[in-house]
Amino acid sequence: MSPKLLYALFLVLLCHASCTDGQKKKETLLSEKVTQMMEWASKRAVIRMNGEKFRRLVRAPPRNYSVVIMFTALQPQRQCGVCRQADEEFQILANSWRYSSAFTNRVFFASVDFDEGSDVFQMLNMNSAPTFIHFPSKGKPKRADTYELQVRGFAAEQLARWVADRTDVHIRVIRPPNYAGPLMLGFLLAVIGGLAYLRRNNLEFLYNKNVWAFSALCFVLIMTSGQMWNHIRGPPYAHKNPNTGQVSYIHGSSQAQFVAETHIVLLFNAAVTLGMVLLHEAATSDMDIGKRKIMCIAGIGLVVLFFSWLLSIFRAKYHGYPYSWLDR
């Protein structure tokens with residue numbers, strides 16, 4: 001065999017040995033990462049990460065698992081109430097997966113707090129919290145890997161659907177039992193039953209049209225303000241920028257809303273309704289002319305002022321909304 005052929009054979013064997021050694025190191029490193037993540041997940045469903053853990057276990061290859069991370073600001077000095085609410089829902093989702101019979105190392109849940117991993121926020125050019133991002137097992141996150149919090153809300157069920165879309169891992173959300181609702185309903189029924197029993201010989205109030213009209217009006221105001229949307233989507237109460245501290249109570253899109261926005265719209269609609277009632281009473285009641293004038297002025301003031309604010313909200317959400325009143 002010629003020297004050149006021996007040399008070529010030696011190079012091939014050396015390259016094969018090097019590749020095999022590199023592959024073994026890669027497999028060993030991957031195994032260590034998975035073992036570490038599984039160990040942490042066994043202790044707490046949401047793994048707390050800082051900058052070093054994030055770079056080593058999420059950003060750096062190799063990785064054959066997905067990681068769903070909530071970037072948040074839970075320290076008291078940040079005063080991020082939305083972060084605490086989102087964290088509760090994220091914990092419910094992570095625990096539902098951790099204690100599921102289908103639990104595997106395909107996906108892990110983690111969190112990065114601003115005060116523990118500000119370098120991660122800077123690395124990802126993030127300036128708001130909470131934010132949910134899915135880091136796939138291969139490649140970099142795409143646009144759809146960032147959860148649309150302001151559109152979909154942070155309810156655990158909504159997060160589970162998003163995780164299923166990104167990872168094909170379906171999580172059945174299991175919430176801890178909450179007896180507050182049934183207890184309140186039972187208490188309310190007991191109070192109503194007790195009042196009906198005490199006034200069993202005087203139930204004319206059940207035939208009072210004003211009582212039923214007021215009850216129907218309250219129901220209409222609650223429904224038209226968006227309470228059912230809040231119940232289904234579970235949006236945050238408001239949004240606070242952790243950097244500037246600015247709090248937004250009105251969502252800037254017509255596709256979503258905050259809980260605070262619902263309360264504001266409910267109040268404005270109720271004020272406009274009260275103004276209309278005062279105008280009707282001023283025109284039809286038998287009171288003296290002075291009181292009727294006061295009621296008329298108060299009614300006009302309520303309608304003009306609060307209807308103007310309602311138009312302002314519409315214009316803030318529907319950009320380019322052409323109408324405004326007292327909002328120049």
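This passage walks through a predicted model, from its sheet and flanking helices to its enclosed spaces and annotated membrane spans.

A good place to begin is the sheet. Four strands make up an open sheet with mixed pairing, arranged in the order S1-S3-S2-S4. The edges are formed by strand S1 (46-49) and strand S4 (131-135), each of which pairs on one side only. Averaged over the sheet and with direction ignored, neighbouring strands are turned by 30 degrees against each other. As a reminder, strands of a sheet pair through backbone hydrogen bonds, either parallel or antiparallel. In this sheet, strand S2 (residues 66-72) runs parallel to its partner S3, and seven bridges link the pair. A handy point of entry for anyone viewing the model is Val68, whose bridge partner in S3 is Phe109.

Helices lie against this sheet as well. Helix H2 (residues 51-59) lies across S1, S2 and S4, and its direction makes an angle of about 125 degrees with S1. Helix H6 (residues 156-167) lies across S2, S3 and S4, running at about 25 degrees to S4. S2 and S4 thus appear in the list for H2 and again in the list for H6.

The loops leading into the strands hold some backbone features worth a look. Pro61 and Pro62 are joined by a cis peptide bond, with omega near 0 degrees, and Pro62 sits in the loop between H2 and S2. Another cis bond connects Ala129 to Pro130, where omega is about 0 degrees. Pro130 belongs to the loop that runs between helix H4 (118-123) and S4. Asn125 is also found in the loop between H4 and S4; this residue is not a glycine, yet its phi is positive, near 55 degrees.

Turning to enclosed space, the structure contains one cavity of 30 Å³ or more. The largest cavity holds about 50 Å³. Its lining consists of Ala41, Ala45, Ala94, Trp97, Arg98, Phe103, Val107, Phe108 and Phe109. By class, these residues comprise eight nonpolar, no polar and one charged. Helix H3 (81-98) and strand S3 (107-113) each contribute at least two residues to this lining. Phe109 therefore links two parts of the picture, as a lining residue of the largest cavity under the 4 Å cut-off and as the bridge partner of Val68.

Open space is found elsewhere in the chain. The largest pocket has a volume of about 310 Å³. Fifteen residues line the largest pocket, and those nearest its centre are Gln257, Glu261, Phe314, Lys317 and Tyr318. Two or more lining residues come from each of helix H10 (259-284) and helix H11 (289-317), with H11 giving the largest share, four residues. The lining of this pocket is made up of seven nonpolar, six polar and two charged residues.

Finally, the membrane annotation can be set beside the model. An unreviewed UniProt entry marks residues 179-198, 210-229, 264-282 and 294-314 as "transmembrane region". Over residues 210-229, the model is 90% helix and 0% strand, and the end C-alpha atoms are 29 Å apart. Residues 294-314 are 100% helix and 0% strand, with 30 Å between the end C-alpha atoms. Phe314, one of the residues nearest the centre of the largest pocket, is the last residue of the annotated span 294-314.

How values were computed. Residues numbered from 1 in each chain as written. Predicted model: local features only at pLDDT ≥ 70, side-chain atom pairs only at ≥ 80, totals over all residues. Heavy atoms only, no water. UniProt positions renumbered as here; feature names shortened; annotations may be inferred. 1 Å grid on protein atoms, 1.4 Å probe; cavity = no way out; pocket = protein on both sides within 12 Å on 5 of 7 lines; lining within 4 Å. Points joined across faces, edges and corners; volume = space filled by probe spheres on them. Nonpolar A, V, L, I, M, F, W, Y, C, P; charged D, E, K, R; others polar. Pairing = 2+ DSSP bridges. Axes fitted to C-alpha atoms, helices over the stretch in contact; angles between N-to-C directions. Contact = heavy atoms within 4.5 Å.
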